[in-house]
Amino acid sequence: MTFLPNSIEARDIAYQMHPLVDLKNYEKTGALVIERGEGIYVFDNNGKRYIEGLAGLWSVAVGFGEKRLSDVAKAQMDKLPYYHIFSHKTHGPSVDLAEKLIQMAPVPMSKVHFTSSGSEANDLVVKMMWYRSNALGKPEKKKIIGRVKGYHGVTIAAGSITGLPRNHASFDLPLDRMRHVSCPDYAGTALPGESEIAFSRRMAGELEDLILAEGPDTVAAFFGEPVMASGGVYVPPEGYWQEIQAVLRKYEVMLVVDEVICGFGRTGEMFGCQTFGIEPDVMVLSKQISSSYLPLSAILMTEDFYGPIAEESARVGTFGHGYTASGHPVATAVGLENIRIIEERDLVGNCRRLSPLFLARLADLARHPRAKSSRGVGLIGALELKPFAEGGKAGAALQARAMEEGVIARAIGDTLCFCPPLIITAEQIETMFDAIARALDTIS
Ligand code: PLP
């Protein structure tokens with residue numbers, strides 16, 4: 001494709017290296033230029049309007065153009081645009097948000113530590129896990145178990161827990177302390193006649209076998225998303241989290257629940273932990289914490305996790321970790337206001353109320369001759385397509401047609417994923433899926 005010289009598209013190709021593209025062939029297609037956003041919509045530089053069916057990257061809960069957030073950001077910028085929280089300094093916005101998160105947490109949490117992305121947060125949890133094991137005099141207890149198709153980010157440790165081979169290839173990942181168990185894809189991998197509970201027990205049995213094979217004294221933690229999202233939206237079957245937690249407790253393996261996508265209402269409760277009855281030792285939050293208006297993530301930890309780390313820092317003389325932007329005052333101020341909006345507008349209730357319609361429309365689409373099945377919970381879902389002759393291309397084909405119809409959704413292999421802003425209305429859900437139905441009729 002050729003673009004006008006000096007156009008934003010041409011300068012993008014000339015100067016910018018993008019994530020998650022074939023860099024060498026990027027110029028063949030270039031990028032869609034998104035210029036502005038309003039509610040559930042974004043607009044490109046030709047003025048075309050799209051329903052943002054993935055809320056950006058699963059994250060803009062309150063929608064685009066929310067003035068309360070820009071007002072709070074401006075006020076905080078004017079008052080104190082930056083200060084750090086190193087070495088016995090602090091500021092109001094980070095304290096206010098930490099207090100709020102402790103009050104909201106689904107299980108008693110002791111402390112909050114702020115970072116700026118989901119990857120950084122998960123990476124730091126691994127570092128803290130190792131620090132804690134050393135503190136407890138268990139230097140061998142360092143292995144981390146993730147899941148195939150799980151997504152926890154892209155830094156060296158978080159990327160290693162991620163269970164997607166394309167994110168490992170040529171980066172020399174995963175680190176050798178990382179292991180993976182199966183994705184709980186009941187619809188795709190259950191044995192003939194296997195019930196959901198039996199499947200969940202088999203998944204937990206696989207985890208237990210791995211822990212025993214590695215040696216329970218060498219396994220520190222298990223990382224999991226309540227609903228696996230970026231891997232293709234896999235909702236765990238009945239009993240899955242209960243069976244997994246029983247194994248983890250038996251072998252004193254800590255449970256890190258990655259709520260980066262599920263947190264703040266996505267599954268119809270404030271946290272995915274509440275939807276699925278999960279009791280985390282550590283919770284990781286990001287994305288909808290600030291509706292991604294500013295980069296922000298948070299690690300919430302129980303006293304059992306935090307206590308030994310505090311002891312070790314006293315022995316070492318300091319907790320030797322922190323970022324220039326840890327607890328950034330503008331990001332934390334925006335985060336708090338964003339959570340207030342989610343609460344005041346009852347966006348979690350909106351998600352719960354609209355979920356039956358959302359899932360029913362997805363299920364209708366799954367009856368289309370080109371589709372295979374659908375899955376989802378709350379306002380996150382996926383449509384699985386019948387593969388083309390060359391597998392893994394059907395999702396991208398539907399994604400491209402959907403964009404022509406004015407809907408942005410995310411293709412993952414033969415799947416198209418949906419995760420709209422939590423402010424979406426029933427009418428807008430109908431419009432979004434009507435467009436997908438038209439797109440399905442014409443993909444090839
Ligand atoms: N964890 C989960 C569950 C995610 O979905 C993501 C990003 O999609 C991450 C972690 C990484 O977050 P970030 O892209 O902010 O590093």
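Start by selecting strand β9 (residues 282-285) and strand β10 (residues 297-301), which run antiparallel and are joined by four bridges; helices and strands here are DSSP runs, of type H or I with at least four residues for a helix and of type E with at least two for a strand, numbered from the N terminus. What stands opposite valine 284 in β10? If you show the side chains, you will find that its counterpart in β10 is isoleucine 299. Before going on, note that this is a predicted model, in which local features need pLDDT of at least 70 and side-chain atom pairs count only at pLDDT 80 or more, while totals for chains, interfaces and linings use all residues. Residues are numbered from 1 along each chain as its sequence is written.

Next, widen the selection to the whole sheet, which is open, has seven strands with mixed pairing, and follows the order β4-β10-β9-β8-β7-β5-β6; two strands count as paired if DSSP finds at least two bridges between them. The edges are taken by β4 (111-115) and β6 (178-181), and because each has a single partner strand, one side of each is left without a neighbour in the sheet. From one strand to the next, the twist averages 20 degrees.

Now add helix α6, which packs on this sheet and touches β4, β5 (143-147), β7 (219-224), β8 (254-258), β9 and β10, its direction making about 30 degrees with that of β10. Contact between two residues means that their C-beta atoms, placed from the backbone, lie within 7 Å, and angles run from 0 to 180 degrees between N-to-C directions, with axes being lines fitted to C-alpha atoms, for helices over the stretch in contact. Helix α10 (residues 196-214) also packs on the sheet, where it touches β5, β6 and β7, and its direction makes about 155 degrees with that of β6.

Stay with α6 and show the ligand, since α6 (residues 118-135) gives three residues to the shell around the ligand, the largest share. Of the 15 residues around the ligand, the ones that come nearest are Ser117, Gly118, Ser119, Gly153 and Val260; a residue is near a molecule or strand if its C-beta atom, placed from the backbone, lies within 6 Å of it. Colour the shell by class and you will see five nonpolar, eight polar and two charged residues, where Ala, Val, Leu, Ile, Met, Phe, Trp, Tyr, Cys and Pro count as nonpolar, Asp, Glu, Lys and Arg as charged, and the others, Gly among them, as polar.

Then select helix α5 (residues 92-104) and helix α14 (residues 329-344), which pack at an angle of about 40 degrees with their axes 8 Å apart. Among the residues that meet are Pro93 and Leu97 in α5, and Leu336 and Ile339 in α14. The residues of this contact divide into six nonpolar, three polar and two charged.

Finally, colour the chain by domain, using domain 1 (32-62 + 346-441) and domain 2 (70-344), whose bounds come from an automatic or database domain assignment. The centres of the two domains, taken over C-alpha atoms, are separated by 26 Å. Their contact takes 25 residues from domain 1 and 22 residues from domain 2. Which element gives the most to the side of domain 1 that touches domain 2? That element is α15, with five residues.
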